[in-house]
Amino acid sequence: MRTIFYGTPRIAVPFLELLARRTTVCAVISQPDQPSGRDLKTLPTPVKSCALDLGLTVLQPEKPSSIAVELGGLRADLAVVVAYGRLLRKDLLAVPRWGTLNVHFSLLPRYRGAAPVQWSLIRGETKTGVTLFWLDEGMDTGPILLQKQADIAPEDDAPVLFERLTSLGLSSLEEALAELETGVLRKNPQVGEGSLAPLLTRKDARLTFDRDALELHNLVRGVRVWPRAYLELKTPVSRMLVLKTAVGEPGPADGPPAGTIIRIERERGFLVQCTGRSRLWLLTVQPEGKKPVPAADFLNGLRLGAGDLLSLR
């Protein structure tokens with residue numbers, strides 16, 4: 001089987017490695033290298049680095065369609081896309097003989113878009129999965145080859161769920177390749193109500209205590225990789241990342257104002273009043289420019305205690 005692989009970030013690397021073991025990879029397409037880090041040094045994408053280590057041909061077009069003719073000469077049977085980051089037009093989708101297969105981390109048609117794992121957590125879902133589907137010109141709308149479900153545990157955050165879905169995705173791709181080799185080419189239409197999972201911005205990750213504690217907790221879980229949840233404080237430390245939280249027991253109906261520190265437990269963190277009766281434990285935080293610390297230690301440094309208001313900008 002002759003294949004083409006499209007991918008860019010680290011999460012796509014094990015899928016390229018699997019494809020290289022099971023097939024003849026004719027070309028690897030990744031986004032152009034970008035400056036990164038404090039010194040803005042231009043580094044190869046993780047997929048490019050892996051491909052070069054494997055001795056594979058790498059292409060990094062600014063416009064993917066510009067290489068359609070070149071890819072057409074490779075006589076590929078299949079293309080596989082994992083987190084490439086750019087839409088493929090009809091001319092590229094027509095290149096491989098069987099079609100272009102995308103590995104998507106949700107149960108399509110739910111959470112179409114660039115951030116399905118993050119939005120599944122933000123929305124408090126208890127089920128998700130992996131869908132292998134055939135790309136068409138729509139946004140994750142193509143017919144399904146196979147789909148597998150996974151549970152989301154209450155304590156899961158984005159890194160944990162990404163790891164679980166990567167493992168499920170690899171086994172799914174292995175199964176799909178075996179079926180394709182025998183001539184099985186399923187294309188089942190997507191069924192059910194769709195939803196979107198657009199790219200997240202830093203603004204999406206801002207926490208305010210005038211929201212429900214469960215909503216805030218799910219947001220912290222969902223943006224743990226990026227952009228990471230944060231508080232804008234009226235203190236010498238203007239921005240504080242919030243890395244780990246837990247939902248507290250509800251308080252009385254006539255509780256204190258949102259943002260009031262209810263309780264501090266040195267081995268756990270501190271409990272903050274949110275909207276209504278809801279309360280949120282802050283467990284691990286990271287002051288801007290510093291290392292993560294237990295939340296109670298951070299609060300002690302601000303000389304704040306139970307009953308004080310954690311004022312936000």
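This briefing walks through a sheet, a hairpin, a helix pair and a mostly covered helix. The model is a predicted one. At its heart for our purposes is an open sheet of seven strands with mixed pairing, and helices H1 and H6 both lie against strands of that sheet.

**The open sheet**

- The seven strands follow the order S5-S2-S1-S6-S7-S8-S9.
- Strand S5 (58-59) and strand S9 (144-151) are the edge strands; each has a single partner strand, so one side of each lacks a neighbour in the sheet.
- Within the sheet, strand S6 (residues 78-82) pairs with strand S7 (residues 99-104) in the parallel sense, over four bridges.
- If you want a spot to zoom in on, Ala-79 sits opposite Thr-100 in S7.
- As a reminder, strands of a sheet pair through backbone hydrogen bonds, in either the parallel or the antiparallel sense.

**Helices on the sheet**

- Helix H1 (residues 13-22) lies across strand S1 (2-7), strand S2 (24-29), S6 and S7.
- The direction of H1 is at about 170° to that of S1.
- Helix H6 (residues 158-181) also packs on the sheet, where it touches S6, S7, strand S8 (127-134) and S9.
- Relative to S9, the direction of H6 makes an angle of about 150°.

**How H1 meets H6**

- The axes of these two helices come within 10 Å and cross at roughly 25°.
- An angle under 35 degrees counts as roughly parallel, so H1 is roughly parallel to H6.
- The crossing of H1 and H6 is right-handed.
- On the H1 side, the contact is made by Pro-14, Phe-15, Leu-18, Leu-19 and Arg-22.
- H6 contributes Thr-166, Gly-169, Leu-170, Leu-173, Glu-174, Leu-177, Ala-178 and Glu-181.
- Sorted by class, the contact of H1 with H6 holds eight nonpolar, two polar and three charged residues.

**A hairpin**

- Strand S12 (residues 261-265) and strand S13 (residues 269-273) pair in the antiparallel sense, again with four bridges.
- Three residues form the hairpin link from S12 to S13.
- Ile-261 has Val-272, in S13, as its bridge partner.

**A mostly covered helix**

- In helix H7 (residues 213-222), eight of the ten residues are buried.
- Those buried residues are Ala-213, Leu-216, His-217, Asn-218, Leu-219, Val-220, Arg-221 and Gly-222.
- The cover over the buried residues of H7 includes helix H5 (116-122), H6, strand S11 (239-247) and strand S14 (279-287).
- H6 therefore appears twice in this briefing: it packs on the sheet and, as one of several elements, covers buried residues of H7.

Technical notes. Residues are numbered from 1 along each chain as its sequence is written. This is a predicted model: local features need pLDDT of at least 70, side-chain atom pairs count only at pLDDT 80 or more; totals for chains, interfaces and linings use all residues. Side-chain values use heavy atoms; hydrogens and water are left out. Two strands pair if DSSP finds at least two bridges between them. Contact means heavy atoms within 4.5 Å. Axes are lines fitted to C-alpha atoms, for helices over the stretch in contact, and angles run from 0 to 180 degrees between N-to-C directions. Angles under 35 degrees count as roughly parallel, over 145 as roughly antiparallel, 65 to 115 as roughly perpendicular and the rest as oblique. A crossing is left-handed if the near helix is turned anticlockwise from the far one by less than a right angle, and right-handed if clockwise. Ala, Val, Leu, Ile, Met, Phe, Trp, Tyr, Cys and Pro count as nonpolar, Asp, Glu, Lys and Arg as charged, and the others, Gly among them, as polar. Buried means under 20% relative accessible area, exposed over 50%, partly exposed in between (1.4 Å probe, protein chains only).
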